[in-house]
Amino acid sequence: MNLLYANDRTGAYPDSWYAATADIPGARPPLRGAVQADICVIGAGYTGLSAALHLAQAGHNVVVLEAHRAGFGASGRNGGQLGWGQRVEQPYLEKMLGMGPARDLWALGQEATALVKSLVRDHDIDCYLRPGVAWAGETAGEVRDLHAQADHMAAHYDYHMDVLDADALNAICPSPAYRGGILNPDAGHLHPLRYALGLARAAEAAGATLFETSAVLGVDHGTTIRVRTDAGVVSANHLILACNGYLGGLEPKVARRVMPINNFVAATAPLGADAARVLSRDIAVADSRFVVNYFRLSHDGRLLFGGGESYGYRFPADLAAKVRKPMVEVFPHLADVPIDYAWGGTLAITMKRLPFLSRIAPNVLSASGYSGHGVGTATHAGKLMADAIDGQSRGFDTMAAIPSQPFPGGPGLRTPLLALAMTWYSLRDRLGL
């Protein structure tokens, strides 16, 4: 199944609150005929747009090919949470890699957060970037783990977060589901599609060329790369694969290690004064479930709530009902609130929930598999690939050295195996194990 078209209309953004509140430009033309470039980038999400921006700023001739529209995929549909560090906790990285490499990854994760903030500032991207993300625990054990994580970061990295008991968290997020957590003012949240469109404008202003509705049909490797669409071809010295969950069969080595999955977000009607019964502060929240719930208030007072698992590549017929179920578990008083928008998106995960960066060939780089941590990590991965092409590969090489393993079963079995695992973890969430 081609996920580029399984759930969406060609060249059309989904009917999301993000699309309804973004200044979407007119469609860019598709690639037609033969084009020469120094670097060809496939995919106009955060990764590809960041790579194109940084390469163009360095003086390279860059062409970006996008099958739909800039920011069409996960980059324009996600929960908008700008995290910190890597997708997994530092003690896990220390155990897996040792303290030295774990510290290197921590530094790169902090670079990613800072990079997003600087890009928003330097390119005047109006995406409602705000500080603060809380992580909430449903059980006493989960709260202890979160508090221990905060203590570890303070003791070993001199990095401080607010430790919240039940009363402190409830004062910010008055949900009966949570018993405490941590709050990180260094993290943040933003309007993801407005951010992606801002990156696209910045890349074009720097000299990059973007072609939309230009799905790649194949790549011919060699000293000169040839990237073919149905109406044209780009010849380039270097290729960047920035496709994430929409890679398809373009590169089997990546596809074995990066699996596309779907997630869903809903936007309620404006809550008015009742918004304070959801959040008393303008922060974002994610909980400690394996199948994560994540939410925040929009600038017009709606609850933007993400959650609900899906085991097939097609979206459920009733997306609002899919998201309403976990939303009401967190906020029972919203059982009857109207949902004005509901949409799905395809992201990509890896076995270890760490991104997969790889040098496929001397002149072919790939980054994907951000596992729900993509606002910062994907933006940073694009810059790391741009730096590597310019001969500064230390950051890219550090990320590429993260051990990676393929999903078991190959393409035919990995989705059923993932569904089985997700069902088990979902059951554990419901039982509080």
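Is serine 214 buried or exposed? I began with this question on the predicted model. Serine 214 is buried, since its relative accessible area is 2%, which falls under the 20% cut-off.

**Entry 1. Serine 214**

I then looked up where serine 214 sits, and found it in the loop that joins strand 7 (209–211) to strand 8 (218–220). I checked its side chain for polar partners: one of its polar atoms lies 2.9 Å from the backbone oxygen of glutamate 212. I also listed the contacts of serine 214, setting aside neighbours within four places in sequence. They are Pro30, Leu31, Leu65, Glu66, Ala67 and Thr229.

**Entry 2. Serine 16**

I turned to serine 16, which is placed in the segment before helix 1 (17–20). Serine 16 is buried, because its relative accessible area of 2% is under 20%. I noted that its side chain reaches the backbone nitrogen of tyrosine 18 at 3.3 Å. Which residues does serine 16 touch, when those up to four places away in sequence are not counted? I found Tyr341 and Trp343.

**Entry 3. Glycine 137**

I located glycine 137 in strand 4 (residues 130–137). Its relative accessible area is 0%, and glycine 137 is therefore buried. I looked up the separation of the C-alpha atoms of glycine 137 and glycine 181 and recorded 5.6 Å, although the two residues are 44 residues apart along the chain. With residues up to four places away in sequence left out, glycine 137 touches Glu142, Val143, Leu146, Ala177, Tyr178, Arg179, Gly180 and Ser288.

**Entry 4. Helix 3 and helix 4**

I moved on to helix packing. Two packed helices are described by the angle between their axes and the distance between the axes. For helix 3 (residues 90–97) and helix 4 (residues 99–122), I noted axes that come within 7 Å and cross at roughly 140°. Helix 3 is therefore oblique to helix 4. The crossing of helix 3 past helix 4 is right-handed. From helix 3, I listed Gln90, Leu93, Glu94 and Leu97, which meet Met99, Pro101, Ala102, Arg103, Leu105 and Trp106 of helix 4. Sorted by class, this contact comprises 7 nonpolar, 1 polar and 2 charged residues.

**Entry 5. Helix 4 and helix 10**

At what angle do helix 4 and helix 10 pack? I recorded about 90° for helix 4 and helix 10 (residues 374–389), with the axes 8 Å apart. The two helices are therefore roughly perpendicular to each other. On the helix 4 side, I found Leu108, Glu111, Ala112, Leu115, Val116 and Leu119 in the contact. Helix 10 contributes Val375, Gly376, Thr377, Thr379, His380 and Lys383. The contact of helix 4 with helix 10 holds 6 nonpolar, 4 polar and 2 charged residues.

**Entry 6. Helix 3 and helix 5**

I last looked up helix 3 against helix 5 (residues 140–157), which pack at an angle of about 60° with their axes 10 Å apart. Helix 3 is therefore oblique to helix 5. I listed Gln90, Pro91 and Glu94 of helix 3 in contact with His152, Met153 and Tyr157 of helix 5. By class, I noted 3 nonpolar, 2 polar and 1 charged residues in this contact. Gln90 and Glu94 of helix 3 appear both in the contact with helix 4 and in the contact with helix 5.

How values were computed
Residues are numbered from 1 along each chain as its sequence is written. This is a predicted model: local features need pLDDT of at least 70, side-chain atom pairs count only at pLDDT 80 or more; totals for chains, interfaces and linings use all residues. Side-chain values use heavy atoms; hydrogens and water are left out. Helices (H or I, at least four residues) and strands (E, at least two) are DSSP runs, numbered from the N terminus. Buried means under 20% relative accessible area, exposed over 50%, partly exposed in between (1.4 Å probe, protein chains only). A polar contact is a pair of N or O atoms within 3.5 Å; within protein, one must be able to donate a hydrogen and the other to accept it, and residues adjacent in sequence count only if both atoms are side-chain atoms. Contact means heavy atoms within 4.5 Å. Axes are lines fitted to C-alpha atoms, for helices over the stretch in contact, and angles run from 0 to 180 degrees between N-to-C directions. Angles under 35 degrees count as roughly parallel, over 145 as roughly antiparallel, 65 to 115 as roughly perpendicular and the rest as oblique. A crossing is left-handed if the near helix is turned anticlockwise from the far one by less than a right angle, and right-handed if clockwise. Ala, Val, Leu, Ile, Met, Phe, Trp, Tyr, Cys and Pro count as nonpolar, Asp, Glu, Lys and Arg as charged, and the others, Gly among them, as polar.
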